[in-house]
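Trainee: Hello! Could you help me learn how to read pockets and ligands in a protein model?
Mentor: Gladly, let's look together.

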Amino acid sequence: MRITVLAGGVGAARFLRGLKHAAPDAEITVIGNTGDDITLYGLRVCPDLDTVMYTLGRGINTQQGWGRAAETFSVRAELAAYGASPEWFTLGDRDFATHILRSQLLASGLPLSAVTEVLCRRWRPGARLLPMSDDPVETHITLADGEPRTVHFQEWWVRMGAEPAAAAITAVGAARARPAPGVLDAIDAADLVLFPPSNPVVSIGTILAVPGIAAAVAAKTVVGVSPIIGGAPVRGMADACLAAIGVDTSAAAVGAHYGRDLVDGWLVDDTDKSAADDPGLAGIEVRALPLYMRDLPATAAIARAALDLAVELR
Ligand code: FO1
């Protein structure tokens, strides 16, 4: 079975571990969001690609969900001693090696998709990891308070904790970006497409903003997993992103936001089973089940339910 997954960061990476467990023989292609990417100290950092690569490659800091396990922070401390900025984004020594090699390969002229393939040769994630595009796309946040000011998504997310309301969330460069090599083929060739419980705005939404991807996905059988349980994001601050685009923070509202032209099935937690009667989800098959990815078996059960529903809807 060929499965293509549109993935953001931590939630997607954890879901993918469960998916691999639930469907060990499946051929999985992950299309990773690159809108969170940022250049720091002259190095290109790709948080969502790295989180998937490290998680499936068993190098992730599991408690944190991002960055490397068994990290040390000597380089960070030395940079701080120089007063280098920014000081609000924590990169560990092991993680720096990924950004140094990625930046070296990018500088040599390799596209991000080829660089990601090189890095995955070490991590062997057991799925093909493609960036959504080789072209530069960065999510920027226009702040609502005071005079209009725009900051990189990471500054809003990490330094500000997504506190100041976002007046606008813009995937800068998305309109001109082309799907990376293999992305459209991976969608077209898939038996089904899954939306893991990623941030629907800055992760899944950014991938869908790359011209050609939404239309390709809409032509497939798609099942999504709600990132919202009981009116709150399971982790992260998707509620701040949803507020910025005027979507309620509820399982039903996010499903309706994707819409029936895009998703055919929508998994919600038992606490949100009333979503099945929500008029905004008309035309979408809603199933309720325990949706907390508390451990690998629980996550595999969710992935299994998503696969079973997609097969049922094909
Ligand atoms: N998140 C934080 O809250 N604080 C950090 O200092 C931080 C550093 C960081 C470094 C590498 C990386 O791959 C991810 C990192 N993240 C950090 C998480 C990151 O902001 C998120 O993974 C996203 O981009 C949202 O999914």
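**Reading the pockets**

Mentor: Helix 2 contributes five residues to the lining of the largest pocket, the most of any element. Keep in mind that this model is predicted.

Trainee: How do we find where empty space is left?

Mentor: Rolling a probe the size of a water molecule over the atoms reveals the empty space that remains. Here, the largest pocket holds about 890 Å³ of space. It is lined by 46 residues, and Gly9, Val10, Trp66, Trp157 and Arg235 are the closest to its centre.

Trainee: How do the residues of that lining divide by class?

Mentor: There are 26 nonpolar, 13 polar and seven charged residues in the lining of the largest pocket.

Trainee: Which pocket is the space taken by the ligand?

Mentor: The ligand takes the space of the largest pocket. Its shell has seven nonpolar, two polar and three charged residues, and helix 6 gives the most, with three residues.

Trainee: Which polar side-chain atom lies 2.7 Å from an oxygen atom of the ligand?

Mentor: That atom belongs to Gln154. An N or O atom in the side chain of Asp36 is 2.9 Å from a ligand oxygen, and a polar backbone atom of Thr90 is 2.9 Å from an oxygen atom of the ligand. Taken alone, the ligand exposes 530 Å², and the protein buries 87% of that.

Trainee: What volume does the second largest pocket have?

Mentor: Its volume is about 280 Å³. Helix 1 gives the largest share of the lining of the second largest pocket, four residues.

Key: Residues are numbered from 1 along each chain as its sequence is written. This is a predicted model: local features need pLDDT of at least 70, side-chain atom pairs count only at pLDDT 80 or more; totals for chains, interfaces and linings use all residues. Side-chain values use heavy atoms; hydrogens and water are left out. A polar contact is a pair of N or O atoms within 3.5 Å; within protein, one must be able to donate a hydrogen and the other to accept it, and residues adjacent in sequence count only if both atoms are side-chain atoms. Accessible areas come from the Shrake-Rupley method with a 1.4 Å probe; for residues, only the protein chains shown count as cover. On a 1 Å grid over the protein atoms alone, a cavity is a set of points where a 1.4 Å probe fits but cannot get out, and a pocket is an open set with protein on both sides within 12 Å along at least five of seven lines; lining residues have an atom within 4 Å of a point. A molecule sits in a cavity or pocket if more than half of its atoms lie within 2 Å of its grid points. Helices (H or I, at least four residues) and strands (E, at least two) are DSSP runs, numbered from the N terminus. Ala, Val, Leu, Ile, Met, Phe, Trp, Tyr, Cys and Pro count as nonpolar, Asp, Glu, Lys and Arg as charged, and the others, Gly among them, as polar. Grid points are joined across faces, edges and corners, and a volume is the space filled by probe spheres set on the points.
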